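Reader: I would like a close look at one part of this protein, with enough of the surroundings to place it. Could you walk me through it?

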Amino acid sequence: MSTYEILTIPHPSLKTVANPVGAVDGSVKKQMETMLETMYAARGIGLAANQVNILNRVLVMDVSDREEGEKAPICMANPEIVWRSEEMSSMDEGCLSIPGQYALVERPMAVKVRYWDVTGEEKLFEGEGLASHCVQHEIDHLNGILCIDYLSKLKRNMIVRKVEKMKRCGEL
């Protein structure tokens, strides 16, 4: 199976709002499969289409314990948060597009997300804890928002400079 190249900051696609998918057809299914392979190869738990320079509203995620050999992939087209808990949760979030950097982000502890699955069927995803953070993080990507956008300008700029230095030094 092939994989996509994962974009890193400050690529403009990462700050672009993705367009809705008209239907989950063969090309979208293939995109979802390739995005999953890309995410697994990069040892991530989520990946949004923007991160691979495709500007449609598709994300994939898998927060299962893959060390045990289990996979539980979820593929979403046109995900929309339809409910958020009032209780909040803070977690250190990493991002495949911001390698080696983490940001403490506060988000609702639980969410419900309506989406189309790989067969085009409408589904409802209910997540809390890590699954909630992951799906919100990926939906943020589809809206052109990065986890570092929740940080102060000073911290955000420091992280951007670190990633740019890693690129210059050939570490990425």
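Leaving aside its neighbours within four places in sequence, which residues is asparagine 53 in contact with?

Author: Happy to take you there, bearing in mind that this is a predicted model. Once the neighbours within four places in sequence are set aside, asparagine 53 touches Leu7, His11 and Ser13. With serine 13 there is also a polar contact, side chain to side chain, at 2.5 Å.

As for its setting, asparagine 53 sits in a loop, the one that links β1 (46-48) to β2 (58-61). The residue is partly exposed: its relative accessible area is 41%, which lies between the 20% under which a residue counts as buried and the 50% over which it counts as exposed.

To see where that loop belongs, step back to the whole fold. The protein chain has 3 helices and 7 strands, and along the sequence they come in the order α-β-β-β-β-β-β-β-α-α. Its radius of gyration is 15 Å, close to the 16 Å that the globule rule gives for 172 residues, so the chain is as compact as a globular protein of that length. The C-alpha atoms fill a box of roughly 45 × 40 × 35 Å along the principal axes. Of contacts between residues at least 6 apart in sequence, 65% join residues at least 24 apart. Buried residues make up 47% of the 172.

A useful second landmark is methionine 88. Asparagine 53 and methionine 88 are 35 residues apart along the chain, and their C-alpha atoms are separated by 31 Å. Methionine 88 in turn is one of the contacts of arginine 107, a residue of strand β5 (residues 102-108).

Arginine 107 makes a nice counterpart to the loop residue you asked about. With a relative accessible area of 3%, arginine 107 is buried, whereas asparagine 53 is partly exposed. Beyond its neighbours within four places in sequence, arginine 107 is in contact with Glu87, Met88, Ser89, Glu93, His133, Gln136, His137, Asp140 and Tyr150. Glutamate 93 deserves a second look here, as its side chain makes a polar contact of 2.6 Å with the side chain of arginine 107.

Finally, a word on charge and surface for the chain as a whole. There are 20 positive and 25 negative side chains, and the centres of the two sets lie 9 Å apart. The accessible surface comes to about 9,100 Å², with 49% of it belonging to carbon and sulfur atoms.

Technical notes: Residues are numbered from 1 along each chain as its sequence is written. This is a predicted model: local features need pLDDT of at least 70, side-chain atom pairs count only at pLDDT 80 or more; totals for chains, interfaces and linings use all residues. Side-chain values use heavy atoms; hydrogens and water are left out. Helices (H or I, at least four residues) and strands (E, at least two) are DSSP runs, numbered from the N terminus. The radius of gyration is taken over C-alpha atoms; the globule rule is 2.2 Å times the number of residues to the power 0.38. Buried means under 20% relative accessible area, exposed over 50%, partly exposed in between (1.4 Å probe, protein chains only). Contact means heavy atoms within 4.5 Å. Accessible areas come from the Shrake-Rupley method with a 1.4 Å probe; for residues, only the protein chains shown count as cover. Lys and Arg count as positive and Asp and Glu as negative; His and the chain ends are not counted. The place of a charge is taken as NZ of Lys, CZ of Arg, CG of Asp or CD of Glu. A polar contact is a pair of N or O atoms within 3.5 Å; within protein, one must be able to donate a hydrogen and the other to accept it, and residues adjacent in sequence count only if both atoms are side-chain atoms.
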